[in-house]
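Please work through the exercises below with the sequence and the model at hand. Each task is followed by a solution in steps.

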Amino acid sequence: MTRVMYIAVSSITIVRPKEGNYLRGFADIVLNEQLVIHGLKIIATERPNGLFVAFPHKKVHFSCPFCRALAVYDAVYCARCGKEISHCQPKFDRQKNERPQRDIIHPIYSPLRILIEKAVFEAYWRELSLGQESGLSSPEQ
Ligand SMILES: [Zn+2]
């Protein structure tokens with residue numbers, strides 16, 4: 001097993017949506033100048049600092065029972081045959097932590113999550129203050 005003893009945030013790019021209720025922004029983060037993670041989401045929550053970083057995930061697919069084409073979970077109609085498939089969706093047991101998404105990448109080690117979150121929040125707040133200084137409107141105003 002290979003162990004990485006030191007992980008540092010090399011750079012972060014923040015993109016803010018034009019509109020958004022809970023979605024406050026997207027972040028791309030480079031670690032150790034060697035690995036880039038695209039599509040982190042900055043989400044507004046009830047947490048003390050009001051923000052949460054969601055790591056990239058993809059929706060679960062399932063086969064259309066009529067034509068066997070792959071369909072995205074929560075689709076109402078099959079994109080190939082057009083038949084209604086909302087009643088054929090796979091069931092997820094939230095009690096067993098089953099979800100209609102699969103993580104693509106996420107930190108296993110809690111201090112790494114904290115490092116990434118802190119860096120993303122700082123870059124986000126910096127982006128917000130730059131927007132206010134230049135007179136650009138922001139969703140928080
Ligand atoms: Zn179909």
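The exercises that follow concern a predicted model and proceed from the whole chain to single residues.

**Exercise 1. The elements and their order**

Task: State how many helices and strands the protein chain contains, and give their order from the N terminus.

Solution. Begin with the count: the protein chain has 1 helix and 8 strands. Next, read the elements from the N terminus, which gives β-β-β-β-β-β-β-β-α.

**Exercise 2. Overall dimensions**

Task: Compare the radius of gyration of the protein chain with that of a compact globule of 141 residues, and describe the box that its C-alpha atoms fill.

Solution. For a compact globule of 141 residues, a radius of gyration near 14 Å would be expected. The protein chain instead has 19 Å. Along the principal axes, the C-alpha atoms occupy a box of roughly 55 × 50 × 30 Å. Two further values complete the description. Buried residues amount to 10% of the 141 residues. Of the contacts with a separation of 6 or more, 35% join residues that are 24 or more positions apart.

**Exercise 3. The domains**

Task: Identify the residues assigned to domain 1 and to domain 2, and state how far apart the C-alpha centres of the two lie.

Solution. According to the domain assignment, domain 1 consists of 1–56 + 104–141. Domain 2 takes up 57–103. The distance between their C-alpha centres is 29 Å.

**Exercise 4. The sheet of four strands**

Task: Determine the strand order of the open sheet of 4 strands, and name its edge strands.

Solution. The order in this open sheet is 1-2-3-4, and the pairing is antiparallel. At the edges are strand 1 (9–15) and strand 4 (51–54), each of which pairs on one side only. From one strand to the next, the twist averages 30°.

The pairings may then be taken in turn. Strand 2 and strand 3 are antiparallel partners over 7 bridges, and Leu31 is placed opposite Leu35 of strand 3. Strand 3, residues 35–44, also pairs with strand 4 in the antiparallel sense, here over 4 bridges. Among the bridge partners in strand 4 are Phe52, which faces Ile43, and Val53, which faces Ile42.

**Exercise 5. The two hairpins**

Task: Give the number of residues between the strands of each hairpin, and examine the residues with positive phi.

Solution. In the hairpin of strand 2 and strand 3, 3 residues lie between the strands. Asn32, in this turn, has a positive phi of about 55° although it is not a glycine. Glu33 belongs to the loop between strand 2 and strand 3 as well; its phi is also positive, near 55°, and it is likewise a residue other than glycine.

Exposure follows from counting neighbours, with 12 or fewer as the cut-off. Asn32 has 11 other C-beta atoms within 10 Å and is therefore exposed. Glu33 has 10 other C-beta atoms within 10 Å, so Glu33 is exposed.

In the hairpin of strand 3 and strand 4, there are 6 residues between the strands. Gly50 in that turn has a positive phi of about 80°.

**Exercise 6. Helix 1 and the sheet**

Task: Verify the length of helix 1, then describe which strands helix 1 lies across and which of its residues are buried.

Solution. Helix 1 comprises residues 110–133. At 1.5 Å a residue, its 24 residues should span 34 Å; the end C-alpha atoms are 35 Å apart, so the two values agree. The helix lies across strand 1, strand 2 (23–31), strand 3 and strand 4, and runs at about 50° to strand 1. Its buried residues are Ile116, Val120 and Glu127. The cover over these buried residues includes strand 1, strand 2, strand 3 and strand 4.

**Exercise 7. A residue in a loop**

Task: Is Ser86 buried or exposed?

Solution. First locate the residue: Ser86 is in the loop between strand 7 (70–72) and strand 8 (101–103). Then count its neighbours: there are 10 C-beta neighbours inside 10 Å, and Ser86 therefore counts as exposed. Finally, consider Asp74, which is 12 residues from Ser86 in sequence; the C-alpha atoms of Ser86 and Asp74 are 6.7 Å apart in space.

How values were computed: Residues numbered from 1 in each chain as written. Predicted model: local features only at pLDDT ≥ 70, side-chain atom pairs only at ≥ 80, totals over all residues. Domains from an automatic or database assignment. Pairing = 2+ DSSP bridges. Axes fitted to C-alpha atoms, helices over the stretch in contact; angles between N-to-C directions. Contact = placed C-beta atoms within 7 Å. Rg over C-alpha atoms; globule rule 2.2 N^0.38 Å. Buried ≥ 20, exposed ≤ 12 C-beta atoms within 10 Å, placed from the backbone. Expected span 1.5 Å × (residues − 1).
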